[in-house]
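Grab a pencil and work through these exercises with the structure open beside you. Try each task before you peek at the solution.

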Amino acid sequence: PVLILLGPPGAGKGTQARMLEDKFGLVQLSTGDLLRAAVAAGSDAGLAAKAVMEAGELVSDEIVINILRDRLADADAARGVILDGFPRTTVQAEALDALLAESGQKINAAVSLEVDDAAMVTRISGRYTCGGCGEGYHDEFKQPAKDGVCDKCGGTDMKRRADDNAETVGSRLVAYHAQTAPLIAYYAGKGSLQKVDAMKAIDTIAGDLSEIVQEAI
Ligand code: AP5
Ligand code: ZN
């Protein structure tokens with residue numbers, strides 16, 4: 001199965017994708033994570049993406065589609081994938097349809113995480129991530145049991161993202177509304193759209209999503 005998580009920065013795509021990965025054995029493919037890895041590795045794609053990401057704008061469709069195509073082919077198709085942060089433009093959505101058609105797959109559900117923009121600034125400015133295993137945390141909403149120590153791997157190397165500051169969040173929200181929000185109508189038109197209230201608590205949303213996934217797979 002193929003599931004898409006749509007939603008603005010801070011909506012909880014990464015948080016929920018990791019939970020669904022653990023619960024259903026699906027593979028999370030986050031183009032944001034793949035691009036950050038490309039930046040860290042200093043590859044051509046990473047060099048081209050770095051400044052764009054720091055400005056809170058969207059990386060070119062060509063770069064993102066190439067990165068995603070490689071990983072989609074690698075991913076264990078039998079278990080299925082959760083796409084987190086892809087597609088983000090109509091061009092990407094059409095490219096995904098074509099890629100899936102080649103391998104005889106289809107989108108089982110495109111879930112829109114519905115949130116208020118104002119709350120996203122607080123979510124993003126309080127976010128940090130374990131450098132060891134990638135588990136996400138929040139200063140206020142999701143703290144590890146022991147301060148500074150990852151619940152999952154015991155690591156203590158907590159990191160904050162270069163684009164998680166108030167100015168960049170503003171640009172990311174603008175990019176979302178201009179370029180990504182039209183995909184809600186795109187998937188509604190195909191009959192695969194589901195909406196989830198993502199202003200609720202993390203665990204409540206996880207329950208709502210689990211029901212959708214159970215029905216979709
Ligand atoms: P990307 O990495 O995808 O970032 P994003 O879309 O801005 O999303 P975030 O990772 O910020 O948020 P999230 O929804 O995953 O929230 P999270 O679960 O962490 O993209 C980064 C950049 O890469 C883009 O700006 C662009 O430049 C480029 N890029 C990536 N994909 C691209 C593409 N396809 N095309 C072009 N460019 C692309 O949660 C946030 C925080 O809130 C966490 O601390 C969490 O603990 C907390 N939290 C989560 N849920 C709740 C809740 N329900 N209540 C309270 N707190 C919560
Ligand atoms: Zn960890």
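## Exercise 1: a pocket and its lining

The residues lining the second largest pocket divide into three nonpolar, no polar and five charged. For this split, Ala, Val, Leu, Ile, Met, Phe, Trp, Tyr, Cys and Pro count as nonpolar, Asp, Glu, Lys and Arg as charged, and the others, Gly among them, as polar.

A word on what you're looking at: this is a predicted model, where local features need pLDDT of at least 70 and side-chain atom pairs count only at pLDDT 80 or more, while totals for chains, interfaces and linings use all residues. Residues are numbered from 1 along each chain as its sequence is written, chains are lettered from A and ligands numbered from 1 in the order in which they are written, and side-chain values use heavy atoms, with hydrogens and water left out.

**Task.** Find which residues line the second largest pocket, and which helix supplies the largest share.

**Solution.**
- Step 1: list the lining, which is Arg-36, Val-39, Lys-50, Met-53, Glu-54, Arg-161, Ala-162 and Asp-163. (On a 1 Å grid over the protein atoms alone, a pocket is an open set of points where a 1.4 Å probe fits, with protein on both sides within 12 Å along at least five of seven lines; lining residues have an atom within 4 Å of a point.)
- Step 2: match it to helices. α2 (31–41) and α3 (44–54) each supply at least two residues. (Helices are DSSP runs of H or I, at least four residues, and strands are runs of E, at least two, numbered from the N terminus.)
- Step 3: pick the top supplier, α3, with three residues.

## Exercise 2: the zinc site

**Task.** Work out which atoms hold the zinc ion (ligand 2) as donors, and what geometry the site has.

**Solution.**
- Step 1: the protein donors are the SG atoms of Cys-130, Cys-133, Cys-150 and Cys-153, lying 2.3 to 2.4 Å from the ion. (Donors are N, O and S atoms within 2.8 Å of the metal, or 3.2 Å for Na, K and Ca.)
- Step 2: the angles among the four donor atoms run from 98 to 115°, and the site is tetrahedral. (Four donors count as that if all angles lie between 85 and 135 degrees.)
- Step 3: along the chain, the donors follow the spacing C-x2-C-x16-C-x2-C. Cys-133, in the loop between β5 (127–130) and β6 (136–138), and Cys-150, in the loop between β6 and β7 (158–159), are 17 residues apart and link distant parts of the chain.
- Step 4: Cys-133 counts as partly exposed because its relative accessibility is 27%, and Cys-150 counts as buried because its value is 3%. (Buried means under 20% relative accessible area, exposed over 50%, partly exposed in between, with a 1.4 Å probe and protein chains only.)

## Exercise 3: a three-stranded sheet

**Task.** Put β5, β6 and β7 in sheet order, and say which strands stand at the edges.

**Solution.**
- Step 1: count bridges. Three join β5 to β6, and two join β5 to β7. (Two strands pair if DSSP finds at least two bridges between them.)
- Step 2: the order of this open sheet is β6-β5-β7, with antiparallel pairing. β6 and β7 are the edges, each with a single partner strand, so one side of each has no neighbour in the sheet.
- Step 3: check partners. Tyr-128 bridges to Tyr-137 in β6, Thr-129 bridges to Gly-136 in β6, and Thr-129 also stands opposite Lys-159 in β7.
- Step 4: look at the faces of β5. Tyr-128 and Cys-130 point to one face and are buried, while Arg-127 and Thr-129 point to the other and are not.

How values were computed:
Tetrahedral: all angles 85-135°; square planar, octahedral: opposite > 155°, others 65-115°.
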